[in-house]
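Here are my notes from going through this one, in the order I'd look at things. Have the viewer open while you read.

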Amino acid sequence: MLFTIAIPTYNNEKTILKTIKSCINQNFDDEYEVLVVNNASTDNTKKILQSLVDLKIRIIENKENVSLFENHNICLKEAKGEYVIFCHSDDELKIEALKILKEKLRSRNYPKRYIIWGQSMFRDFYEYLKQFNVLYNTIISGERAIQIFAIPNGLTPSGTCYSRKSLLEIGGFYKMKTRTTPSDWTIMLNAALNEFEFEMLDRLLFVRKFASTAIGRNNKEIKRDIKDAFSEFLENQTIENKEIVRNNLLMTYNNLSYMLLNKFFKIKFKIKFLKRKIYLN
């Protein structure tokens, strides 16, 4: 099986049904699965899912609530597809999403270490890639990818397609100390260090209109979450990889990079800051 559409959910009784319908109604002839992992919801999500047993979906009920990204790891471990595309339970996949992804994967000869995503209705990642002169439908890899993902800039898993086995081999999504710790940033950096290829399509694969984890956050909370994510990331890296990240952070000329360098690498340097917009999911 080529694809699993994974829906990690927690207390999404108002939107989960619409999300599932967008996933099971794909204009796609090949077999695929829709996997829903309910993270011990306390609202009516479980009841809604129980009413959908006749639909072609597979449901897993967590016995206890886990972190947001640990629930993503459960999706990865339980999925049967070679590639997993996430669709959060307040988002919707476009009806041609799997068809578009298959065409691209086939043109790339079904890469083993690969992460691909498309345009978005909210916080489109292309605005960030343009700062590095990266175009749509272009493979990003090696040192270039490390530079792009070295600074705190998350890419939401929702609407993103991952090569499942290889992502699990490098540890999947990192642990979270807070609900909003940007593990979606550090997983991209970890994947870049592990020779993954990345590509952004010029097509709209899903509809996302807001980021629920970003609501009500102030600068202090954002910096705390970045610190937590980077600490977890460094604990899982070799000395060689830490040095690679340090060198690439030096090249990004970013305020938060400066803060992280001083905090985690204990070095002092003078740098002229350039203004750069940071997108956090």
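1. **Overall make-up.** The protein chain comes to 11 helices and 9 strands. Keep in mind that this is a predicted model. Of the 281 residues in the chain, 54% are buried. Among contacts with a separation of 6 or more, 78% are between residues 24 or more positions apart. The chain exposes about 13700 Å², with carbon and sulfur atoms supplying 48% of that.

2. **The sheet.** I'd start with the open sheet, where 7 strands follow the order E3-E2-E1-E4-E7-E6-E8 with mixed pairing. E3 and E8 are the edge strands, each pairing on one side only. From one strand to the next, the twist averages 20°.

3. **Strand pairings worth a click.** E1 (residues 3–9) and E2 run parallel, joined by 7 bridges. Threonine 4 is a handy marker there, standing opposite glutamate 33 in E2. On to the E3 edge: 4 bridges link E2 to E3 (residues 58–61), again parallel, and valine 36 stands opposite isoleucine 59 in E3. Towards the E8 edge, E6 (residues 114–119) is joined to E8 by 5 bridges, and these two run parallel as well. Glutamine 119 has leucine 204 of E8 as its bridge partner.

4. **The β-α-β unit.** E1, helix H1 (residues 16–24) and E2 make a right-handed β-α-β unit.

5. **E2, inside and out.** How many of the 7 residues of E2 are buried? The count is 7 of 7, so E2 is largely enclosed by the rest of the structure. In a regular strand the side chains alternate between the two faces of the sheet. For E2, one side carries Tyr32, Val34, Val36 and Asn38, the other Glu33, Leu35 and Val37, and all of these are buried. Do notice that Glu33 and Asn38 are on that buried list.

6. **Threonine 9.** This residue lies in E1. With a relative accessible area of 1%, threonine 9 counts as buried, because the cut-off is under 20%. Leaving aside neighbours within four places in sequence, its contacts are Ile16, Val36, Val37, Asn38, Asn39, Ser41, Thr45, Asn71 and Ser89.

7. **Helix H3.** One of those contacts, Asn71, is also among the buried residues of H3 (residues 68–78). The others in that helix are Phe69, His72, Asn73, Ile74, Cys75 and Leu76. As for what they pack against, the buried residues of H3 meet E1, E2, strand E4 (83–86), helix H7 (164–169) and H8.

8. **Two cores.** In soluble globular proteins, nonpolar side chains tend to be buried together. Here the largest nonpolar core has 51 residues, and Trp117, Leu129 and Phe198 have the most contacts inside it. H8 gives the largest share of this core, 7 residues. A second, separate core of 29 residues includes Ile7, Leu49, Leu98 and Ile116.

9. **Phenylalanine 198.** Which residues does phenylalanine 198 touch, not counting those up to four places away in sequence? The list runs to Ile115, Trp117, Thr138, Ile139, Ile140, Ala145, Phe149, Met188, Ala191 and Ala192. Trp117 is itself one of the residues with the most contacts in the largest core.

10. **Helix H4.** In H4 (residues 97–107), the buried residues are Ala97, Leu98, Ile100, Leu101, Lys102, Lys104 and Leu105. Yes, two lysines are in there: Lys102 and Lys104. Leu98 belongs to the second core.

11. **Positive phi values.** Most residues other than glycine have a negative phi. Three places to check, then. Alanine 40 has a phi near 55° and is found in the loop between E2 (32–38) and helix H2 (45–50). Asparagine 109, just after H4, takes a positive phi of about 65°. Glutamate 195 is near 65°, in the loop between H8 (183–193) and E8 (197–204).

12. **Glutamate 195 again.** Is glutamate 195 buried or exposed? Its relative accessible area is 68%, so with the cut-off at over 50% it is exposed.

Methods:
Residues numbered from 1 in each chain as written. Predicted model: local features only at pLDDT ≥ 70, side-chain atom pairs only at ≥ 80, totals over all residues. Heavy atoms only, no water. Buried < 20%, exposed > 50% of the residue type's maximum accessible area, 1.4 Å probe, protein only. Contact = heavy atoms within 4.5 Å. Areas by Shrake-Rupley, 256 points an atom, 1.4 Å probe, with all protein chains shown as cover. Core = buried A, V, L, I, M, F, W, Y, C linked by side-chain atoms within 4.5 Å. Pairing = 2+ DSSP bridges. Right-handed = clockwise from strand over helix to strand, strands pointing away. Axes fitted to C-alpha atoms, helices over the stretch in contact; angles between N-to-C directions.
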